[in-house]
4 protein chains.
Amino acid sequence: MTSADPTTSRPLRADARRNRARVLEVAQEVFAEEGLAVPIDEIARRAGVGVGTVYRHFPTKDALFEAIIVERLRAVGEAARELAEGPEAGTGFFAFFEQMVQNASLNRALFDALAANGSFNRELTAEASNVMMTGLGQLLAKAQEAGRVRSDLTVTDVKTLMVGCLAMARQGTADPRLIVGVVCDGMRPVSPSRTPGA
Amino acid sequence: MTSADPTTSRPLRADARRNRARVLEVAQEVFAEEGLAVPIDEIARRAGVGVGTVYRHFPTKDALFEAIIVERLRAVGEAARELAEGPEAGTGFFAFFEQMVQNASLNRALFDALAANGSFNRELTAEASNVMMTGLGQLLAKAQEAGRVRSDLTVTDVKTLMVGCLAMARQGTADPRLIVGVVCDGMRPVSPSRTPGA
Amino acid sequence: MTSADPTTSRPLRADARRNRARVLEVAQEVFAEEGLAVPIDEIARRAGVGVGTVYRHFPTKDALFEAIIVERLRAVGEAARELAEGPEAGTGFFAFFEQMVQNASLNRALFDALAANGSFNRELTAEASNVMMTGLGQLLAKAQEAGRVRSDLTVTDVKTLMVGCLAMARQGTADPRLIVGVVCDGMRPVSPSRTPGA
Amino acid sequence: MTSADPTTSRPLRADARRNRARVLEVAQEVFAEEGLAVPIDEIARRAGVGVGTVYRHFPTKDALFEAIIVERLRAVGEAARELAEGPEAGTGFFAFFEQMVQNASLNRALFDALAANGSFNRELTAEASNVMMTGLGQLLAKAQEAGRVRSDLTVTDVKTLMVGCLAMARQGTADPRLIVGVVCDGMRPVSPSRTPGA
DNA sequence: CATGAATGAGTATTCATTCAT
DNA sequence: CATGAATGAATACTCATTCAT
């Protein structure tokens with residue numbers, strides 16, 4: 001019961017780390033569910049910590065949001081890179097695109113992460129964004145090499161289209177599969193019959 | 001019956017109408033620039049009127065926003081109907097789509113108007129929305145008859161895609177023309193070479 | 001149809017007087033029903049005039065209220081004087097007391113008129129208050145002479161008791177007749193059996 | 001179990017409790033002096049705290065007022081019960097009545113508390129009101145048994161009369177003792193000489 | 001003179017952030 | 001280090017009063 005207890009005697013760093021993780025997790029959920037308007041107090045309450053603790057780890061509401069974004073972007077970037085390094089980058093590109101939209105359509109935070117350009121251009125975000133763009137870029141390049149994607153599209157274009165699909169999916173007004181299908185079709189190389197002038 | 005008639009000669013709310021218009025105009029600009037978070041006081045200040053004046057014309061912040069939306073939706077609906085009644089509905093559809101995005105890409109309010117489904121379903125908004133959807137529906141039908149648009153797309157799908165394009169255009173990260181081009185291509189009938197499985 | 005028409009040719013003073021009366025009447029009703037919190041706009045609307053007209057006749061919301069009070073106090077004072085001049089001042093006193101409470105229990109304005117001491121001590125109100133107090137005083141004196149009312153009660157005491165009864169009646173929690181009966185009993189001369197110490 | 005116990009040793013909201021009490025105290029004073037129209041900001045200022053602090057303890061202006069009322073009603077009820085359990089309930093009843101009026105004549109809040117029937121019927125208020133009515137009821141019953149109070153008066157009647165006396169005392173226009181004396185006399189059993197018809 | 005549009009100070013309430021415990 | 005109480009700027013909306021038409 002004294003300081004000899006290995007579990008409770010060093011709650012210092014362990015607790016802090018656990019708290020940070022818990023806050024991040026909860027914030028991610030809450031932002032995803034209810035948007036950025038949720039008060040910090042609510043997040044603290046749901047995470048089972050005091051507001052002060054939230055502020056200890058994230059000096060600002062924006063900083064907290066940024067942290068969530070960074071995490072997400074990194075994960076997405078990793079996924080893209082892995083696919084790019086795989087053998088089927090051609091189909092992988094479209095699968096990735098669909099996947100992203102599927103996953104993030106319920107996730108306000110990731111959408112905001114991708115949509116927020118400029119607003120969060122601090123070091124961390126920029127870096128995470130790079131990771132993401134790089135991964136996506138590799139995947140895109142392979143798909144273009146394989147002739148599956150219009151060669152005049154840049155990574156930024158694709159990211160933008162992804163954000164757009166997310167926005168549409170979140171609308172809930174149309175079948176996401178159909179929407180994504182349309183956009184993916186639009187990204188394929190132009191066949192003679194589809195020339196705008198035709 | 002001449003200018004002596006006290007009932008009709010009253011020029012009445014000459015400045016009232018001007019104020020209302022000015023508020024609407026300013027609100028439209030400000031909402032477009034800075035989003036819905038702008039305080040009413042700010043709008044009043046920029047319009048050069050007191051808050052009370054804003055509230056006299058629009059009993060609620062939402063009501064003000066709604067008024068902007070209604071105006072916009074109506075105009076857009078009219079435009080679509082006119083094109084539908086014209087001879088070139090096939091190309092008109094795509095022209096309209098591009099036009100919409102061009103016009104509204106700077107306009108946060110119209111985007112929000114279209115994106116907000118359900119939030120503003122009061123009579124006026126609903127009616128204006130109907131006008132818009134009807135006009136777009138006519139245009140779409142013609143374009144599908146002419147074989148220029150995939151026949152499995154509904155008006156709602158198209159509206160959703162339009163909202164998506166607006167979202168993307170507003171990002172400012174990619175060339176709107178390219179983006180809209182991609183989405184328009186995606187809406188054209190599927191040619192053999194574009195079959196997803198291909 | 002010209003200035004010869006006696007009905008419409010001189011709407012000047014006539015209209016004004018009618019407007020003033022109408023505003024007063026409506027304000028009396030509205031204050032009685034909903035209390036002083038009612039906006040002036042509401043009163044103007046119900047009276048069928050513009051706010052400006054209300055303000056032309058009563059430079060202030062308080063002034064309007066005061067005017068109502070004055071009218072009421074005067075009427076009440078007159079009634080009391082008449083009774084005092086009649087033959088049955090003894091029973092008349094209690095009848096008057098009960099009447100007052102009955103009449104005013106639904107009437108927020110009269111209650112406020114009586115209850116407002118000091119708040120409205122402008123000339124008019126003071127004068128009307130005097131009229132009222134004088135009438136009541138005469139009635140009280142007669143009743144005291146007839147040995148029907150404790151001789152140590154002053155007009156002010158009686159007025160205060162009346163206000164109290166109004167307050168109680170307005171509560172709606174108890175039968176006004178019973179309440180008034182108790183207070184009236186208390187005002188009668190003390191019989192031996194009722195001596196507090198007994 | 002000693003001061004080392006982290007669970008019970010936390011003096012915790014030492015200042016929080018102080019602040020809450022201070023706000024309550026100030027609000028009680030201010031409401032008593034100036035009525036319910038006083039802005040919360042004013043109360044906060046006078047209490048030397050920020051508005052937020054007031055709202056932390058009392059989520060609503062009504063809630064703050066309610067808290068004051070509850071405290072008062074409870075205290076009054078307790079006092080009545082104690083007197084009822086004492087030997088001299090007969091004289092105690094009148095003493096209590098006079099006491100109440102004396103104490104509350106300066107206190108707008110208690111008056112409003114008693115006068116407000118229905119407006120504040122939330123759990124707490126209702127409960128406190130019950131405590132009060134119960135205590136008063138016991139005291140009344142004893143006094144009626146002792147033949148000192150008219151047997152046809154109910155607790156509600158008495159409460160109403162008390163409110164009335166408070167209203168009168170607050171007028172400041174008449175000697176409260178005299179007023180209360182009159183009403184108390186009126187509550188005593190009717191002696192032959194006081195029969196209304198006499 | 002009547003009208004009602006314009007004004008703007010005033011009010012309750014929220015929430016990001018700081019700081020005493 | 002954690003806690004949550006305190007802070008106060010900010011915001012939507014109301015209403016008495018003024019003034020152009």
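This short presentation covers a helix pair and the protein surface around a DNA strand in a predicted model.

Let me begin with the helices. Two packed helices are described by the angle between their axes and the distance between the axes. In this model, helix α9 of chain C, residues 176-187, packs against helix α10 of chain D, residues 176-187, at an angle of about 110°. Their axes lie 7 Å apart. Because angles of 65 to 115 degrees count as roughly perpendicular, α9(C) is roughly perpendicular to α10(D). On the α9(C) side, the contact is made by Val182(C), Val183(C), Asp185(C), Gly186(C) and Met187(C); on the α10(D) side, by Val182(D), Val183(D), Asp185(D), Gly186(D) and Met187(D). By class, this contact has six nonpolar, two polar and two charged residues.

I now turn to DNA strand E. The strand is surrounded by 31 residues, the closest being Asn19(B), Arg56(B), Thr53(C), Arg56(C) and Lys61(D). By class, 13 are nonpolar, 12 polar and six charged.

Which parts of the strand face the protein? Of the strand E atoms within 4 Å of the protein, 68% belong to sugar or phosphate, and the rest to bases.

Three contacts from chain B illustrate this surface. The side chain of Asn19(B) places an N or O atom 2.3 Å from a phosphate oxygen of strand E. For the side chain of His57(B), the corresponding distance to a phosphate oxygen is 3.0 Å. Gly52(B), by contrast, brings a backbone N or O atom to 3.4 Å from a base nitrogen.

Among the elements that give two or more residues to this surface are α2 of chain B, α1 of chain C and α4 of chain D. The most comes from α4(B), with five residues.

Technical notes
Residues are numbered from 1 along each chain as its sequence is written. Chains are lettered from A and ligands numbered from 1 in the order in which they are written. This is a predicted model: local features need pLDDT of at least 70, side-chain atom pairs count only at pLDDT 80 or more; totals for chains, interfaces and linings use all residues. Side-chain values use heavy atoms; hydrogens and water are left out. Axes are lines fitted to C-alpha atoms, for helices over the stretch in contact, and angles run from 0 to 180 degrees between N-to-C directions. Helices (H or I, at least four residues) and strands (E, at least two) are DSSP runs, numbered from the N terminus. Angles under 35 degrees count as roughly parallel, over 145 as roughly antiparallel, 65 to 115 as roughly perpendicular and the rest as oblique. Contact means heavy atoms within 4.5 Å. Ala, Val, Leu, Ile, Met, Phe, Trp, Tyr, Cys and Pro count as nonpolar, Asp, Glu, Lys and Arg as charged, and the others, Gly among them, as polar. A residue is near a molecule or strand if one of its heavy atoms lies within 4 Å of it. A polar contact is a pair of N or O atoms within 3.5 Å; within protein, one must be able to donate a hydrogen and the other to accept it, and residues adjacent in sequence count only if both atoms are side-chain atoms.
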